[in-house]
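The following exercises are meant to be worked with the sequence and the coordinates side by side. Please try each task before reading the solution beneath it.

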Amino acid sequence: MRFAVFVFLASSAMAFAQPAKDKERGGRTVFPQPVADPSPSPAPAPPARQAASPSEAMDNFFLELKAGRVDAAYDALMKDSIIAERGENVSELKKRTQVALDSYGPMSGYETVEEKMVGTTLLRRTCVSLNSDLPLRWRFYFYKSEGAWKLVDLRVDDGLVELFEEAGRAQK
């Protein structure tokens, strides 16, 4: 940064000095030609990719978990979320998820068992992971802000009884 500023100031000083010398040569003002910068310009950054839809984010999350990549699953899911700012909570969630996968068996997939919208900007999606010994209940909470869905909360447990109770209340 200092080098760039110095080069700019030095070239500006030369530009101002040049016309003064040229006035001595008969009143002509000649501005020096810019010198081509031998270093290539950095390539422009690619445009930021819009946050994935809740379905894409969850599909990718469960594919990573199915492959046994807990850290990668959470890193991708938490990207650009307020949850990522709470690093100690994410670390604990990763550890608990690994323990759950070790306890309930490898995951072969997942299915969405409930989706609830509150207005047009809040979404709760409840899924069940299909583990070999016992499924887990996952609750994802998304908020749509500035046209993009963002994960704002995630809860996981083995509360299967509650799923049936909730389904019974919904049917009444």
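## Exercise 1: A salt bridge between two strands

At 46% relative accessibility, E115 counts as partly exposed. Keeping in mind that the model is a predicted one, determine which residue forms a salt bridge with E115, and state whether that partner is buried or exposed.

**Solution.** Begin with the pairing itself: E115 forms a salt bridge with R125, and the closest N and O atoms of the two are 2.5 Å apart. Next, place both residues in the secondary structure: E115 belongs to strand β1 and R125 to strand β2, so the pair ties together parts that are 10 residues apart in sequence. Finally, turn to the accessibility of the partner: R125 has a relative accessible area of 10%, and because buried means under 20%, R125 is buried.

## Exercise 2: Another pair across β1 and β2

Find the residue whose side chain meets that of E114 in a salt bridge, and say which strands the pair ties together.

**Solution.** The side chain of E114 meets that of R124 in a salt bridge, at 2.9 Å from N to O. R124 lies in strand β2 (residues 122-131), whereas E114 lies in strand β1 (residues 107-118), so here too parts that are 10 residues apart in sequence are tied together. As for accessibility, E114 has a relative accessible area of 27% and is partly exposed.

## Exercise 3: The surroundings of M117

Leaving out residues up to four places away in sequence, list the residues that M117 touches.

**Solution.** First locate the residue, whose place is in strand β1. M117 has a relative accessible area of 38%, which makes it partly exposed. With residues up to four places away in sequence not counted, M117 touches L122, L123 and W149. A further distance helps to place it: the C-alpha atoms of M117 and F142 are 9.6 Å apart in space, while the two residues are 25 residues apart in sequence.

## Exercise 4: The crossing of α3 and α4

Describe how the axes of helix α3 and helix α4 cross, and identify the residues that make the contact.

**Solution.** Start with the geometry: the axes of α3 (residues 70-78) and α4 (residues 87-104) come within 10 Å and cross at roughly 135°. That angle makes α3 oblique to α4, and the crossing in which α3 passes α4 is right-handed. The contact is made by V70, D71, Y74, D75 and M78 on the α3 side, and by V90, L93, K94, T97, Q98 and L101 on the α4 side. Sorted by character, the residues of this contact divide into 6 nonpolar, 2 polar and 3 charged.

Then look for a charged pair between the two helices. K94 forms a salt bridge with D75, with the closest N and O atoms 2.8 Å apart, and this pair links distant parts of the chain, since K94 in α4 and D75 in α3 are 19 residues apart. K94, at 15% relative accessibility, counts as buried, whereas D75, at 44%, counts as partly exposed.

## Exercise 5: The chain as a whole

How many helices and strands does the chain have, and how many salt bridges are found in the whole structure?

**Solution.** The secondary structure comes to 5 helices and 4 strands, and from the N terminus on the elements run α-α-α-α-β-β-β-β-α. Of the 172 residues of the chain, 27% count as buried. Among contacts between residues at least 6 apart in sequence, 44% join residues at least 24 apart. A search of the whole structure finds 10 salt bridges.

Notes
Residues numbered from 1 in each chain as written. Predicted model: local features only at pLDDT ≥ 70, side-chain atom pairs only at ≥ 80, totals over all residues. Heavy atoms only, no water. Axes fitted to C-alpha atoms, helices over the stretch in contact; angles between N-to-C directions. Parallel < 35°, antiparallel > 145°, perpendicular 65-115°, else oblique. Left-handed = near helix turned anticlockwise from the far one by under 90°. Contact = heavy atoms within 4.5 Å. Nonpolar A, V, L, I, M, F, W, Y, C, P; charged D, E, K, R; others polar. Salt bridge = Lys/Arg side-chain N within 4 Å of Asp/Glu carboxyl O. Buried < 20%, exposed > 50% of the residue type's maximum accessible area, 1.4 Å probe, protein only.
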